Amino acid sequence: MSSSEKIPQFPKTYWREIELPAFRKLTEDLTVDVAIVGAGITGITAAYLLSKEGKKVALLDAGSVLNGTTGHTTAKVTAQHGLVYDEFINHFGEEKARLYFESHMNAIQFVESNVKKKGIDCDFSNEDAYMYATTEEYAEKLKTEWEAYKTLGINGDLKDTIPFDIPVKAALLMRNQGQFHPLKFLKFLLDEAVKSGCAVFENTVATDIEDDKTQPKVVTKSGQKVTCNQVIIASHFPFYDLPGLYFARMHVDRSYAIGIKTDKDYPGGMYISADSPTRSIRYTPIDGEKLIIIGGENHKTGQGIDTMKHYEALEDFAEDVFGIKEYEYRWSAQDLVTLDKLPYIGPITAERDHILVSTGYKKWGMTTGILAGHLLTDYVTGRDNPYKELYSPSRFQADPDLKSVVTTNADVAKHLIKGKLEYTDKAAEDLQVGEGSVVMFNGKRAGAYKDENGKLYVVDTTCQHLGCECEWNRAEKTWDCPCHGSRYAYSGDVIEGPTKKPLPLLSEE
């Protein structure tokens, strides 16, 4: 069977196959202690912890709970985040590198202890994590990283094989990590938060914050306001991003995952390649079998090759290493990468300690989201926390931040100019059913998509955030901004920020 015949026609994430609670839209003004914007892993963890402490909490989401990046993860619960520890020791010092490791191990312990104490059925299992190299260059880097592990006291080992038909040169082991079904776990936390009085609102788009320094108000698209003492922005990309200039301090990556069944037995463990292209491997139990989840193919959002090619590359890898028996799931996720690779968790600016933000998780949102929930809770309650300085959004290290900020924003400028100068002679009426493309419409650049019923949607492709031109994503049937990662449906509706406004619909016929 060819690749195009095997691949599921539409993206579908395995994690959202469970039944999730539904909540009404906010239709009235509200006053609470804490307003949390974003019902993913960070927002739900914070809502759970704060509600348990007696805080009156409102949790708002622009769409459905657990349908953003949290619902499109590989769900590894690990402190092995690529080749980071040697780099962190060199850039930030041994103490901060150890704090980074410790904070993520605490997140793993939070999941494991709650699963055991409260009997949460979320397919949690302790697994060893492996980072492997297929080239001599990266084998040497793994040896250097292993020295960093020993310096920091990380329980690991350096191996020369992994149990797959992959020609590896070295493999770095980190013991006692974990994996789980993230939505089953977070559904439990959400239910507990609601029982403790947390109010949850879906389809409620936060567009602004009226900041009077004492009682900020979260303003929604439909006009309602949530007055509170503190705001937690857990919306992946901060919807309120001008204070602190977050759009200039991060870049946005997309990555892909497929879920397959195979006749080969899976030996356990979680694996990720150190060299490129990235390959991530784990399993999760499904109906008495094992669903193997293979991820990778990172690239900047709105940039690079035809997005469907990334799924095809993962499929080819899966076929070569495992052999595919069934192929039902494929999905993609968006990840935000900060200038120095550490997330931003804390006050949005040094002067605004009543507005808290959490963003820039790179690709490790399961542990980062949980540690963020705890750290933000300590900010709200006024407790000390040993990780505040490490993750402070107001930090600025000259090395590597200065170089990164120049590189990141030079890339934005390049794509801003490139999009404005792009020319095509394709017309909307030239499109086939199921095809989307940049077209010329009334003499100007536009974007068009013809759906399965032959209905044509033509939109203005100028991103409503800061004016870059969006590019067509064939695999997801979306318009993606190459500058700051905003994403829109083919109809122009907002899928993911930082944008708040839809693309103008020029024609629908």
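Reader: Which residues of α2 are buried?

Author: In this predicted model, the buried residues of α2 are I41, T42, G43, I44, T45, A46, A47, Y48, L49, L50 and S51. That makes eleven of the twelve residues of α2, so the helix is largely enclosed by the rest of the structure. Helix α2 covers residues 41-52 and reaches 17 Å from its first C-alpha to its last, close to the 16 Å expected at 1.5 Å a residue. It is followed by G54, whose phi is positive, near 90 degrees.

Reader: What makes the contact between E192 and K52 a salt bridge?

Author: The side chains of E192 and K52 meet at 3.2 Å, N to O, and the cut-off for a salt bridge is 4 Å between such atoms, so the pair qualifies. E192 lies in helix α6 (residues 182-195) and K52 in helix α2, so the salt bridge ties together parts that are 140 residues apart in sequence.

Reader: Why is E192 called buried, and what is K52 called?

Author: Buried means under 20% relative accessible area; E192 has 16% relative accessibility and therefore counts as buried. K52, with a relative accessible area of 44%, is partly exposed, because that term covers values between 20% and 50%.

Reader: How do you know that E326 and K261 form a salt bridge, and which network holds them?

Author: Their side chains meet at 3.9 Å, N to O, which is within the 4 Å limit, and the pair therefore counts as a salt bridge. E326 lies in strand β17 and K261 in strand β13, so the pair ties together parts that are 65 residues apart in sequence. E326, at 30% relative accessibility, counts as partly exposed, whereas K261, at 9%, counts as buried. The network of salt bridges links K261, D263, E289, K325 and E326, and a search of the whole structure finds 32 salt bridges.

Reader: Where do E140 and K143 lie?

Author: Both lie in helix α5 (residues 136-152), three residues apart, about one turn of the helix. An α-helix has 3.6 residues a turn, so residues three or four places apart point the same way. E140 forms a salt bridge with K143, with the closest N and O atoms 3.2 Å apart. E140 is partly exposed at 42%, and K143 is partly exposed at 40%.

Reader: What makes the aromatic pair of Y14 and Y329 edge-to-face?

Author: The structure holds 23 aromatic pairs, and in this one the ring centres are 5.5 Å apart, with 75 degrees between the planes. Rings pair if their centres lie within 6.5 Å, and planes over 60 degrees apart count as edge-to-face, so both conditions are met. The pair links distant parts of the chain, with Y14 in the loop between α1 (3-6) and β1 (30-31) and Y329 in strand β17 (residues 326-338), 315 residues apart. Y14 is buried, and so is Y329.

Reader: Why does the charged end of K388 count as sitting over the ring of Y379?

Author: The charged end of K388 is 4.5 Å from the centre of the ring of Y379, which satisfies the distance limit of 6 Å, because a charge must be within that distance of the centre and within 35 degrees of the ring normal. The charged end of R249 likewise sits over the ring of Y246, 4.9 Å from its centre.

Reader: Why is I348 called buried, and what is it in contact with?

Author: I348 has 1% relative accessibility, and it counts as buried because the limit is 20%. It lies in the loop between β18 (344-347) and β19 (355-359). Leaving aside neighbours within four places in sequence, I348 is in contact with I233, Y240, P243, G244, Y246, I355, L356 and V357.

Reader: What makes N176 and H236 stand out in phi?

Author: Most residues other than glycine have a negative phi. N176 has a positive phi of about 60 degrees although it is not a glycine, and H236 has a positive phi of about 70 degrees, again without being a glycine. N176 lies in strand β7 (residues 170-179) and is partly exposed at 47%. H236 is placed in the loop between β12 (230-233) and β13 (250-261), and it counts as partly exposed at 25% relative accessibility.

Terms used:
Residues numbered from 1 in each chain as written. Predicted model: local features only at pLDDT ≥ 70, side-chain atom pairs only at ≥ 80, totals over all residues. Heavy atoms only, no water. Phe/Tyr/Trp six-rings, centres within 6.5 Å; stacked < 30°, edge-to-face > 60°. Helix = DSSP H or I, 4+ residues; strand = E, 2+ residues; numbered from the N terminus. Buried < 20%, exposed > 50% of the residue type's maximum accessible area, 1.4 Å probe, protein only. Contact = heavy atoms within 4.5 Å. Expected span 1.5 Å × (residues − 1).
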